[in-house]
Amino acid sequence: MNYAGVSGDPNPIHWNDRAAKMTGFEHGIVAHGALTIALGAGFVTAWLKDPGALL
């Protein structure tokens, strides 16, 4: 929900469980694609022990 506010994306599928389920996301709220990529990149750079290794 915080990421939805900061990113400026007011789509309720990112912060309202009912709205997400009504649009076909059976598990509810959907994370932003950019948030998913950022978390994945953080995991990879921590594993590589070099943030500059990921371009």
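The legends below walk through several close-up views of this protein, a predicted model.

Local features were kept at pLDDT of at least 70 and side-chain atom pairs only at pLDDT 80 or more, while totals for chains, interfaces and linings use all residues. Residues are numbered from 1 along each chain as its sequence is written, and side-chain values use heavy atoms, with hydrogens and water left out.

**View 1. The whole fold is built from three helices and zero strands.**
Read from the N terminus, the order of elements is α-α-α. Helices here are DSSP runs of H or I with at least four residues, strands are runs of E with at least two, and both are numbered from the N terminus. Along the principal axes, the C-alpha atoms occupy a box of roughly 40 × 25 × 15 Å. The radius of gyration is 14 Å, whereas a compact globule of 55 residues would come out near 10 Å; the value is taken over C-alpha atoms, and the globule rule is 2.2 Å times the number of residues to the power 0.38. Of the 55 residues, 15% are buried, where buried means under 20% relative accessible area, exposed over 50%, and partly exposed in between (1.4 Å probe, protein chains only). Contacts (heavy atoms within 4.5 Å) tell a related story: among those with a separation of 6 or more, 15% link residues 24 or more positions apart.

**View 2. His-32 sits in the loop between helix 2 (17–22) and helix 3.**
His-32 counts as buried because its relative accessibility is 9%. Setting aside neighbours within four places in sequence, the contacts of His-32 are Tyr-3, Ala-4, Ser-7, Asp-9 and His-14.

**View 3. Helix 2 carries a salt bridge between Lys-21 and Asp-17.**
The N to O distance is 3.2 Å, and the rule asks for a side-chain nitrogen of Lys or Arg within 4 Å of a carboxyl oxygen of Asp or Glu. By that rule, the count is one salt bridge. The two partners are four residues apart, about one turn of the helix. An α-helix has 3.6 residues a turn, so residues three or four places apart point the same way. Both ends of the pair are partly exposed: Lys-21 has a relative accessible area of 44%, and Asp-17 has 33%.

**View 4. Helix 3 (residues 33–48) contains Trp-47, part of a nonpolar surface patch.**
The 16 residues of helix 3 should span 22 Å at 1.5 Å a residue, and the end C-alpha atoms are indeed 22 Å apart; the expected span is 1.5 Å times one less than the number of residues. Phe-43, Trp-47 and Leu-48 together make the patch, about 400 Å² in area. Patch members have over 30% relative accessible area and no salt bridge, with like charges joined within 9 Å and nonpolar side chains (Val, Leu, Ile, Met, Phe, Trp, Tyr) within 5 Å. Trp-47 counts as exposed because its relative accessible area is 63%. For scale, the protein exposes about 4300 Å², with carbon and sulfur atoms supplying 66% of it; areas come from the Shrake-Rupley method with a 1.4 Å probe, and for residues only the protein chains shown count as cover.

**View 5. The segment after helix 3 includes Lys-49 and Pro-51.**
Lys-49 has a positive phi of about 60° although it is not a glycine. Lys-49 is exposed, at 72% relative accessible area, and Pro-51 is exposed too, at 62%. Pro-51 and Ala-41 are ten residues apart in sequence, with their C-alpha atoms 8.8 Å apart in space.
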